[in-house]
Amino acid sequence: MEPLKVIVTGPVGAGKSTLIRTLSETEVVDTDAAATEAIGKATTTVALDHGTLHLDGHLLHLFGTPGQERFDFMWEILSQGALGILLLVRADRPDKLPAARNILDFVRSRAPVPYVVGVTHLDRPKVWRPEEVALFFGTPLEQVVGFDPRDPAEAARPLARLLELIGT
Ligand SMILES: Nc1nc2c(ncn2[C@@H]2O[C@H](COP(=O)(O)OP(=O)(O)OP(=O)(O)O)[C@@H](O)[C@H]2O)c(=O)[nH]1
Ligand SMILES: [Mg+2]
């Protein structure tokens, strides 16, 4: 089975590493290090996450990026050969959507492939609905999926949608 490379990207704390830990069928490689800035959590990805998953007859290799801009050279490296992009954004942090758009534009300029916007933290107060996130990105609503990356029953949903868009 030809592995299909998917890049999981988005701002700090969106849930990229969480998603890969929830879904991976192989031992996850992560590179979380103690956060040196106040980012609302103890650790942050400094290079990449890697995990694998069988989904709808495909073998996916998931590569998670760092969220911090100072590691943007990794966005470049991890974009190479990606066949799909999953951009994660927090529904309760609309102030971070411009940073998310910056990452999406960067990755799509290197890998012009289908993308899905995964909206996390929908259980929190004062959230943006997926419809509003879709409007922000100018993305069709069917490319925007609300889900909880901590929940094994939901975590594969945005990836299933991405596979439909890739159309393999
Ligand atoms: N309440 C809530 N918490 C969530 C949700 N999704 C993820 N989290 C939590 O939010 C945090 C996300 O952290 P990470 O998975 O490290 O985020 P990341 O995107 O890898 O961040 P960086 O590597 O720092 O860029 C974790 O503490 C998760 O448990 C959600 O839908 N709701
Ligand atoms: Mg991470």
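**Ligand shell**

I began with the make-up of the shell around ligand 1: by class it has 4 nonpolar, 9 polar and 6 charged residues. Note to self: this is a predicted model.

Next I pulled up who is in that shell. I find 19 residues surrounding ligand 1, and the closest are Lys16, Thr18, Lys41, Thr44 and Asp123.

Then I looked for polar atoms facing the ligand. Two backbone hits went into the notebook: a backbone N or O atom of Gly15 is 2.9 Å from an oxygen atom of ligand 1, and one of Ala14 is 3.2 Å from an oxygen atom of ligand 1. I also wrote down a side-chain hit, where a polar atom of Arg150 lies 3.2 Å from a nitrogen atom of ligand 1.

How much of the ligand does the protein cover? I get 84% of the 670 Å² of accessible area that ligand 1 has on its own.

**Pocket and elements**

I checked where ligand 1 sits, and the place is the largest pocket. Then I sorted the shell by secondary structure: the elements giving two or more residues to it are α1 (16-23) and β3 (43-45). Which element gives the most? I have α1 down for that, with 3 residues.

**Helix α5**

I moved on to α5, residues 157-166, to see what is tucked away there. My list of buried residues in this helix reads Pro158, Leu159, Ala160, Leu162, Leu163 and Ile166. Right after α5 I ran into Gly167, and I jotted down its positive phi, near 70°.

**Val144**

I looked up Val144 and found it in strand β8, which spans residues 144-146. Buried or exposed? I call Val144 buried because its relative accessibility is 7%, and the cut-off for buried is under 20%.

I also took a C-alpha to C-alpha distance from Val144 to Val119: the two are 25 residues apart in sequence and 7.2 Å apart in space.

**Ser79**

Last stop was Ser79, which I place in helix α2, residues 72-79. With a relative accessibility of 2%, Ser79 counts as buried too, so I filed it that way.

What does the side chain of Ser79 have for a polar partner? I see the backbone oxygen of Trp75 at 2.6 Å from a polar atom of that side chain. I keep this pair in my notes as a polar contact, since 2.6 Å falls within the 3.5 Å cut-off.

Conventions: Residues are numbered from 1 along each chain as its sequence is written. Chains are lettered from A and ligands numbered from 1 in the order in which they are written. This is a predicted model: local features need pLDDT of at least 70, side-chain atom pairs count only at pLDDT 80 or more; totals for chains, interfaces and linings use all residues. Side-chain values use heavy atoms; hydrogens and water are left out. A residue is near a molecule or strand if one of its heavy atoms lies within 4 Å of it. A polar contact is a pair of N or O atoms within 3.5 Å; within protein, one must be able to donate a hydrogen and the other to accept it, and residues adjacent in sequence count only if both atoms are side-chain atoms. Accessible areas come from the Shrake-Rupley method with a 1.4 Å probe; for residues, only the protein chains shown count as cover. On a 1 Å grid over the protein atoms alone, a cavity is a set of points where a 1.4 Å probe fits but cannot get out, and a pocket is an open set with protein on both sides within 12 Å along at least five of seven lines; lining residues have an atom within 4 Å of a point. A molecule sits in a cavity or pocket if more than half of its atoms lie within 2 Å of its grid points. Helices (H or I, at least four residues) and strands (E, at least two) are DSSP runs, numbered from the N terminus. Ala, Val, Leu, Ile, Met, Phe, Trp, Tyr, Cys and Pro count as nonpolar, Asp, Glu, Lys and Arg as charged, and the others, Gly among them, as polar. Buried means under 20% relative accessible area, exposed over 50%, partly exposed in between (1.4 Å probe, protein chains only).
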